[in-house]
Amino acid sequence: MEFLTGQQMPRRTFLRGMGTAVALPFLEAMVPAGRGGARALAAAPERTRLVCIEEVHGLAGCNNWGASRHLFAPETTGRDFALVSDNPLKALEPYRDWLTIISNTDVRNAEAFALPEIGGDHFRSSAVFLTQSHPKQTNGSDVWAGTSLDQLYAQRSGQATPFPSMQFCIENLDQAGGCTYNYSCAYTDTISWASPNEPLPMIRDPRLAFDMLFGAGASADDRAARRGARRSILDWISGEVERTRRQLGAGDRIRLDRYLDNVREVERRIQAVEAHNRSGEPRELPDAPAGVPDSFTEHMRLMFDVQVLGLQTDMTRITSFKTGRDAQNRVFPECESKQPFHPASHHGNREERIVEFNKICKFRVGQLAYFLDKMKTTMDGDASLLEKTLIIWGSPMADPNIHNHRRCPLMLLGHANGLLKGGIHLKAEDGTPMANVMLALLHRLGLEDVKTFGDSTGEFEL
């Protein structure tokens, strides 16, 4: 124990000042006396974190030609799989030991079930990803899908944290009404459903997400005044920081300083984005809030940073992240391809156009490497967040050219407190629902009483 007063510090400890509340990460001073040290507290099963990430609109490796070039699923299964240089997962090779690739699963509930639903895949798929349920076709308020996996877990394991779950996104939202093909925009705007008729809003603005985590101001006016003064939230708690540091041992002081430096760096980057976007310079995303970077990479990284901070401080244990919209026409200047996303995805099965779309896939999937590095280097007691987290990444679509939902991409990252071993490629039998994998994950997360999930036919052997 490293609390010089000899008293245990509560796990839920905040440094407060002027409407700001900065939660602390796990410190040795929080270890209960006589209970076996940090391992007993930090590795408890209920502390397994869950992160769910949707990659919209499939991958270039999920058509026949792309599959023959192993642009998603490796050629071999088991632990000796190889990732070819053009596989978007190649960027994750340094994290191979935490990677479980699951290929050849289907998301049939994203398909059209009736004639009026044909063509509505873009406006249906995201609602299926974590629910594995077929959405009701409506552009009214009577939406109906299913309760999503993240929310089932949040209802059991998220209630002890200030935020039972947090939901994030990259692209603009419009839940105000109907979209296209008689589907409500609610189906396209979120992947998290608290109940079959309760879609949860997602946060796009890094500033809003940051302020939610750290209570940066007692009111909107307070927050605006602080930002106008270019003050850091840490300025308001400097006295509390020094008081706390004096009570900590040497190791905890280093942990605290490193954490606060990281908080300040994320805040500084958000401030820089806001300053640029308010400068009057032309923007690539003129309708986006000031806190949203024009750069896709910087936006992704800030949202990943906020999620790491939320998980590290135990403000939440469950996040979901929607990284785009199926029909977006966005061009990514940092990407090797300068083609708009959606037109590039409809490659017409022409090899040169599949290769071009794959450049975009490599760019987008490659963003995960930043997140995995942050998770691997952020410690929570005796192990990293990557060891203690289950990350589900996948898409409810396979080949975007024909809106196919068979053989969709799916992978798991992290060791989930020992629930996964990683370093393996598993190929499902033909016709296996992706829901079978999600049912198996729910059971491993402690929800053994969930007998079916979506269109599951059984539990997938991980």
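This section describes the nonpolar cores and helix packing of a predicted model.

The largest nonpolar core holds 120 residues. Within this core, L50, I53, F214, Y259, L368, L390 and I392 touch the most other members. Helix α10, spanning residues 296-312, gives the most to the core, with nine residues. The surroundings of I392 were examined beyond its sequence neighbours, with residues up to four places away left out. I392 touches L50, V51, C52 and I53. Its other contacts are L149, L410, M411, L412 and L441. A second core, separate from the largest, comprises eight residues, among them V143, A145, Y183 and Y187.

Helix α10 also packs with helix α6, which covers residues 206-214. The two axes come within 10 Å and cross at roughly 10 degrees. Angles under 35 degrees count as roughly parallel, and α6 and α10 are therefore roughly parallel to each other. From α6, the contact involves P206, A209, L213 and F214. From α10, H299, L302, M303, V306, L309 and G310 take part. Eight residues of this contact are nonpolar and two are polar. None is charged. F214 thus appears both in this contact and among the residues that touch the most other members of the largest core.

Helix α8 runs from residue 238 to 247. Its buried residues are V241, T244 and Q247. Viewed down the helix axis, these residues fall within an arc of 125 degrees, so they line one face of α8. An α-helix has 3.6 residues a turn, so residues three or four places apart point the same way. The buried residues of α8 pack against strand β1 (14-17) and helix α9 (250-277).

Methods. Residues numbered from 1 in each chain as written. Predicted model: local features only at pLDDT ≥ 70, side-chain atom pairs only at ≥ 80, totals over all residues. Heavy atoms only, no water. Core = buried A, V, L, I, M, F, W, Y, C linked by side-chain atoms within 4.5 Å. Buried < 20%, exposed > 50% of the residue type's maximum accessible area, 1.4 Å probe, protein only. Helix = DSSP H or I, 4+ residues; strand = E, 2+ residues; numbered from the N terminus. Contact = heavy atoms within 4.5 Å. Axes fitted to C-alpha atoms, helices over the stretch in contact; angles between N-to-C directions. Parallel < 35°, antiparallel > 145°, perpendicular 65-115°, else oblique. Nonpolar A, V, L, I, M, F, W, Y, C, P; charged D, E, K, R; others polar. Arc of directions from axis to C-beta.
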